[in-house]
Structures are given as C-alpha cells and as structure tokens.
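Open the model in your viewer and keep the selection panel at hand. The stops below say what to select next and what is there.

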Amino acid sequence: MFSRISTILIVSIMLTAFGSVIDATADIEANKAIVRSFFEELVNQRKFAVADEVFATDSVYKTSAYPDISGTEGFKDFLTEHLIPFPDAHYTIDDIVAEEDKVAARWTFKATHQDELMGIPPTGNQVMLTAISLFQIADGKIKIGWTSWDALAMMQQVGAMPTEREVYT
C-alpha cells in the first residue's frame with residue numbers, strides 16, 4: 001500500500017513538473033512569436049494595426065538615439081517618422097533568444113537614404129547596420145523594449161560624418 005501511494009505521488013510530482021516545463025517552453029515560443037510579428041509584420045510590412053496587438057497600451061520603447069517612446073500610438077508615430085528618410089527599410093532578425101519573460105533579437109537594418117534625416121538631405125546612400133533589442137513581454141504583449149544601435153555608423157553611411165579617423169591639429 002505504501003509503495004503504491006509513493007509511486008502515485010512521485011508520478012504526480014513528475015507530471016506536474018513536466019507540465020510546467022511544457023508551459024514555460026510554450027510561453028517562450030509565444031514571446032518569440034510576438035517579437036517576430038513586431039519585426040516582420042509591423043516594421044517590415046508596415047501593418048500599423050499590429051502595434052495594437054504586440055504592444056501593451058502603457059508600453060515604453062527605449063532606443064539609444066531617441067527619447068523614450070510611450071504607448072502604441074507613440075510607437076506608430078516613431079515608426080512613421082523613422083520610415084520617411086528610409087521608405088525601403090527592411091529589418092532581418094539574425095538571432096532570437098528568449099528566457100522567461102525576455103526576448104533578445106540581434107537584427108540587421110538595410111535601407112536607402114531617400115529623404116531628409118535630421119536636417120541631412122537625401123543622399124541615395126545604402127545604409128546597413130546591426131542592432132540588438134531586448135523586449136520584456138507581459139500578458140502576451142511587449143511591455144518594455146530596449147534597442148541599442150550604432151547611430152555613428154548610420155551617420156557615416158549617409159555621408160554626414162567622416163568614415164576615416166581624421167587627425168586634428
């Protein structure tokens with residue numbers, strides 16, 4: 001009798017633990033899918049309605065060259081403004097990893113400078129840079145996003161900054 005109860009107890013504990021692993025894996029994959037939708041549908045396909053699906057209404061997006069962007073409407077405005085000088089912008093996810101409620105993506109940005117960018121007239125230059133974004137997901141939506149990218153490289157590629165190190169005397 002005791003060994004049968006022990007066996008049932010051990011099997012129950014194992015099934016519960018295994019079920020938690022399956023749930024955690026499903027959550028991680030769902031979180032990665034949210035970030036993929038962010039890049040593929042919202043940014044690349046310009047489906048702005050997807051912002052309402054992937055961002056929490058009180059979300060904050062932080063990027064290294066701009067002030068914090070608040071909420072879904074704030075992100076839509078930011079993206080619209082960002083696409084003016086680079087209407088052919090395309091983002092490619094090079095790597096994506098996730099753990100618990102965080103998803104990290106290393107991505108490549110490719111575009112042509114076709115309109116004014118921060119006072120710099122269009123040059124027609126091709127721009128390619130890599131960046132890393134980290135997203136915190138809560139209740140199936142992006143709560144906070146952080147992106148770090150090389151603004152100097154972009155300015156060099158559009159011709160606004162020298163690409164070679166200059167010696168000043």
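Which residue in strand 5 is the bridge partner of Phe-109? Select Phe-109 and look across to strand 5, where Leu-129 is its bridge partner. Bear in mind throughout that this is a predicted model.

**Strands 3, 4 and 5**

Now select strand 5, residues 126-138, together with strand 4. The two strands run antiparallel and pair over 11 bridges. Add strand 3, which pairs with strand 4, also in the antiparallel sense, over nine bridges. To see one of the positions in that pairing, pick Ile-93: its bridge partner in strand 4 is Trp-107. Keep Trp-107 labelled for the cavity stop.

Follow strand 3 to the place where it turns into strand 4. The two strands form a hairpin, with two residues between them. Select Glu-100 in this turn and check its backbone: phi is positive, at about 50 degrees.

**Salt bridges by the hairpin**

Show the side chains of Lys-102 and Asp-101. They form a salt bridge, with 3.6 Å between the closest N and O atoms. Both ends are partly exposed: Lys-102 has 31% relative accessibility, and Asp-101 has 26%.

Next select Arg-106 and Asp-94, another salt-bridge pair, whose closest N and O atoms are 3.7 Å apart. This bridge links distant parts of the chain, with Arg-106 in strand 4 (residues 102-112) and Asp-94 in strand 3 (residues 90-99), 12 residues apart. Arg-106 is partly exposed at 36% relative accessibility, and Asp-94 is partly exposed at 31%.

**Helix 1**

Move to helix 1, residues 2-44, and select Lys-32 and Glu-29. Their closest N and O atoms are 3.5 Å apart, and the two form a salt bridge. Why are they about one helical turn apart? Because the two residues lie three residues apart in helix 1, about one helical turn separates them. Colour by accessibility and compare the ends: Lys-32 is buried, with a relative accessible area of 14%, whereas Glu-29 is partly exposed at 41%. Over the whole structure, a search finds eight salt bridges.

Stay in helix 1 and select Asn-44. Is Asn-44 buried or exposed? At 16% relative accessibility, Asn-44 counts as buried. Leaving aside neighbours within four places in sequence, Asn-44 is in contact with Phe-39, Ala-89, His-90 and Tyr-91. Keep Tyr-91 labelled as well.

**The cavity**

Turn on a cavity display. How many cavities of 30 Å³ or more does the structure hold? There is one, and about 230 Å³ of space lies in the largest cavity. Of the 18 residues that line the largest cavity, select those closest to its centre: Tyr-61, Phe-78, His-82, Tyr-91 and Trp-107. Two labels set earlier thus come back here: Trp-107, the bridge partner of Ile-93, and Tyr-91, a contact of Asn-44.

Then colour by element. Helix 1, strand 1 (55-63), helix 3 (71-83), strand 4, strand 5 and strand 6 (141-149) are the elements that give two or more residues to the lining. Helix 3 supplies the largest share, four residues. Finally, colour the lining by class: 14 residues are nonpolar, four are polar and none is charged.

Definitions and conventions. Residues numbered from 1 in each chain as written. Predicted model: local features only at pLDDT ≥ 70, side-chain atom pairs only at ≥ 80, totals over all residues. Heavy atoms only, no water. Salt bridge = Lys/Arg side-chain N within 4 Å of Asp/Glu carboxyl O. Buried < 20%, exposed > 50% of the residue type's maximum accessible area, 1.4 Å probe, protein only. Contact = heavy atoms within 4.5 Å. Pairing = 2+ DSSP bridges. 1 Å grid on protein atoms, 1.4 Å probe; cavity = no way out; pocket = protein on both sides within 12 Å on 5 of 7 lines; lining within 4 Å. Points joined across faces, edges and corners; volume = space filled by probe spheres on them. Nonpolar A, V, L, I, M, F, W, Y, C, P; charged D, E, K, R; others polar.
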